Amino acid sequence: MNNSSRKKQFGMNIGSASILLVFVILCLVSFAVLSIVSANADSKLSARVLERTTAYYAACNQAEQSLAGMDKTLQRMYASCDSEEAYFVAVGHGKSYVIPISDLQTLQVTIEILYPESDEDTFYRITAWQVLNTEELQ
């Protein structure tokens, strides 16, 4: 009777070790799958952030080019006008640019036109440089 009880204990230990091994392998596989899924999601998010950042800076570059053109135009108008009143009649008091970033967002740049004391002074002051949502986000 002693031998049979030893055999049962020995068989019981092999089964518990196998169950523990299967459990550990399942845990490792689960963590590996979760790591892959998380890395894939992070990769997709990084790609979207890169796309959005690139689009934003492309819109900023376009706005800067528009402002450079506006600066040259204001300088020509300043040189051709003989008074502050004539200058503001010709160019107005402010301008606004709306540049698309994506289907959902635009970059709005608003400037206040100034009358400079000399050719070296600035011709405008940026009053707004902001990203606006064009549609409701869901």
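Helices here are DSSP runs of H or I with at least four residues, strands are E runs of at least two, and both are numbered from the N terminus.

**Figure 1. The whole chain, with 2 helices and 3 strands.** Read along the sequence, these elements follow the pattern α-α-β-β-β. This is a predicted model, where local features need pLDDT of at least 70 and side-chain atom pairs count only at pLDDT 80 or more, while totals for chains, interfaces and linings use all residues. Residues are numbered from 1 along each chain as its sequence is written, and side-chain values use heavy atoms, with hydrogens and water left out. Of the 138 residues, 18% count as buried (under 20% relative accessible area; exposed is over 50% and partly exposed is in between, using a 1.4 Å probe and protein chains only).

**Figure 2. A look into the largest nonpolar core, which has 20 residues.** A core like this is a set of buried Ala, Val, Leu, Ile, Met, Phe, Trp, Tyr and Cys residues joined through side-chain atoms within 4.5 Å. Helix 1 gives the most, with 7 residues, and helix 2 (84-91), strand 1 (94-100) and strand 2 each chip in at least two. Leu 74, Tyr 87, Leu 107 and Val 109 have the most contacts inside the core.

**Figure 3. Aromatic rings around Tyr 78 and Phe 123.** Rings of Phe, Tyr and Trp (its six-membered ring) pair up if their centres lie within 6.5 Å; planes under 30 degrees apart are stacked, over 60 edge-to-face, and the rest tilted. The rings of Tyr 78 and Phe 123 sit with centres 5.7 Å apart and planes at 65 degrees, so they meet edge-to-face. Tyr 78 belongs to helix 1 (residues 2-80) and Phe 123 to the loop between strand 2 (105-113) and strand 3 (124-133), so this pair ties together parts 45 residues apart in sequence. Both are buried: Tyr 78 has 15% relative accessibility, and Phe 123 has a relative accessible area of 3%. Ring pairs link these two with Tyr 87, Phe 88 and Tyr 115 into a cluster.

**Figure 4. A nonpolar patch on the surface.** Here Leu 21, Ile 25, Val 29, Val 33 and Val 37 together show about 440 Å² of accessible area (Shrake-Rupley method, 1.4 Å probe, with only the protein chains shown counting as cover for residues). Patch members have over 30% relative accessible area and no salt bridge, and nonpolar side chains (Val, Leu, Ile, Met, Phe, Trp, Tyr) are joined within 5 Å, like charges within 9 Å. A salt bridge would put a side-chain nitrogen of Lys or Arg within 4 Å of a carboxyl oxygen of Asp or Glu. Val 33 lies in helix 1 and is partly exposed, at 46% relative accessible area.
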